[in-house]
Amino acid sequence: CVVGDPISVLAQVGLFSAGQKIGVVVNRFVTVPFNAFWRPRRMELAMQDGPEVRKILARICTYSTLVSAQVALLISVSVEDGLRLCIDERYWSAYQVVPLIAMAYVVLGLEHHFSTGMYRSRRTIWATWIGLVSLLTMVVANLILLPHTGMVGAAFSSLLAISLRVGMIYVVSQKAYSIPFEIKRLVILGISAVALYSMSQWVRIDATEMSLAIRTGCGLLLLPTLWLCGFFHASERATAWEAIAKHVAFLGPYRQSPADCDR
């Protein structure tokens with residue numbers, strides 16, 4: 001991005017806007033619909049208090065973040081080839097900001113869970129100060145990064161500011177009402193998603209359709225990777241195997257042997 005060049009700046013803005021519209025899918029189609037029903041229920045549970053309630057709040061945070069991360073990963077690994085297949089060549093570069101924007105929305109989704117203690121204790125004044133600090137961080141980061149990295153710097157500034165905001169909300173809320181959030185599992189989830197995205201970027205094939213298929217396959221490896229990394233508890237593994245066994249048993253009566261098909 002050339003500072004002072006209006007044409008270059010407008011081009012960067014247009015590309016960033018296109019990438020933003022793709023990355024925001026994580027928020028509009030996962031986080032927002034989920035919180036539409038979970039937010040009131042979450043506060044209802046928080047007001048009841050109790051160790052088991054706190055564990056439920058923490059576990060739901062992990063599961064919802066897992067869904068958001070899976071969607072964000074699939075979007076991130078497939079966006080480059082998807083843009084090449086669907087839109088004009090002038091917009092292909094928009095893919096560069098999509099992974100950062102999608103990641104920012106995954107982190108933003110944690111805010112709804114981490115802020116439970118702050119709202120329960122009615123310390124919402126902290127939200128104002130935290131918002132001002134994160135806004136200032138974004139402005140400073142943009143001033144530093146934009147002249148050198150363009151729209152990628154803008155996307156990174158958003159991710160940085162949102163991460164800082166969520167981190168501060170976590171600290172304030174935990175002091176007001178401690179919830180045993182599964183931070184270790186969330187870290188494993190984040191590292192696994194970033195590793196799979198990085199692996200997908202090694203794929204360099206001229207055939208766009210083939211590249212899209214392989215990269216999407218990398219994105220679909222998140223759950224198996226988490227399984228191997230010990231992300232799931234023993235009880236969750238047992239529940240998964242039980243569900244698979246019931247599904248196989250359900251399909252059993254509908255299977256036909258070759259002899260039955262010949263009749």
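Confidence varies along this predicted model: among its elements, helix α8 (residues 183-200) has the highest mean pLDDT, 97, while helix α12 (residues 258-262) has the lowest, 47. Where pLDDT is low, the predicted coordinates should not be read in detail. For the protein as a whole, the mean pLDDT is 89, and 91% of the residues reach 70 or more.

Now for the packing. Which residues have the most contacts inside the largest nonpolar core? They are Val-26, Leu-57, Leu-110, Phe-114, Val-166, Ile-179 and Phe-181, in a core of 40 residues. Helices α2, α3, α4 (98-114), α6 (125-149) and α7 (151-176) each put in at least two residues. The biggest contributor is α4, which gives 10 residues to this core. Val-166 is a good place to look around: setting aside its neighbours within four places in sequence, Val-166 is in contact with Val-107, Leu-108, Leu-110, Glu-111 and Phe-114. There's also a second core, separate from that one, with 11 residues that include Leu-189, Leu-222, Leu-226 and Phe-231.

If you're after space rather than packing, the largest pocket holds about 540 Å³. Its lining runs to 24 residues, and those nearest the centre of the pocket are Met-103, Val-106, Val-107, Gly-190 and Val-194. Two or more lining residues come from each of α3, α4, α7 and α8. Val-107 turns up here as one of the residues nearest the pocket centre, and it is also among the contacts of Val-166.

On to the charges. The count of salt bridges comes to 14. Here are three of the pairs, with the distance between the closest N and O atoms and the relative accessibility of each partner.

| Pair | Closest N and O atoms | Relative accessibility |
|---|---|---|
| Arg-120 and Asp-49 | 3.8 Å | Arg-120 21%, Asp-49 29% |
| Asp-88 and Arg-90 | 2.9 Å | Asp-88 39%, Arg-90 65% |
| Arg-185 and Glu-182 | 3.0 Å | Arg-185 5%, Glu-182 14% |

The Arg-120 and Asp-49 salt bridge ties together distant parts of the chain, 71 residues apart: Arg-120 is in helix α5 (residues 116-120), and Asp-49 is in the loop between α2 (25-48) and α3 (51-86). Arg-120 is partly exposed, and so is Asp-49.

Are the partners Arg-185 and Glu-182 buried or exposed? Arg-185 counts as buried because its relative accessibility is 5%, under the 20% cut-off. Glu-182, at 14%, counts as buried too. In the Asp-88 and Arg-90 salt bridge, Asp-88 is partly exposed, whereas Arg-90 is exposed, because its 65% is over the 50% cut-off.

Salt bridges also join up into a network, which links Glu-80, Asp-81, Arg-84, Arg-204 and Arg-215. Two members of that network, Asp-81 and Arg-84, are touched by Thr-208, as is Leu-85, when residues up to four places away in sequence are not counted. Where does Thr-208 sit? Its place is in helix α9 (residues 208-219). Thr-208 counts as buried because its relative accessibility is 18%, under the 20% cut-off.

Conventions: Residues numbered from 1 in each chain as written. Predicted model: local features only at pLDDT ≥ 70, side-chain atom pairs only at ≥ 80, totals over all residues. Heavy atoms only, no water. Salt bridge = Lys/Arg side-chain N within 4 Å of Asp/Glu carboxyl O. Helix = DSSP H or I, 4+ residues; strand = E, 2+ residues; numbered from the N terminus. Buried < 20%, exposed > 50% of the residue type's maximum accessible area, 1.4 Å probe, protein only. pLDDT = per-residue confidence, 0-100. Core = buried A, V, L, I, M, F, W, Y, C linked by side-chain atoms within 4.5 Å. Contact = heavy atoms within 4.5 Å. 1 Å grid on protein atoms, 1.4 Å probe; cavity = no way out; pocket = protein on both sides within 12 Å on 5 of 7 lines; lining within 4 Å. Points joined across faces, edges and corners; volume = space filled by probe spheres on them.
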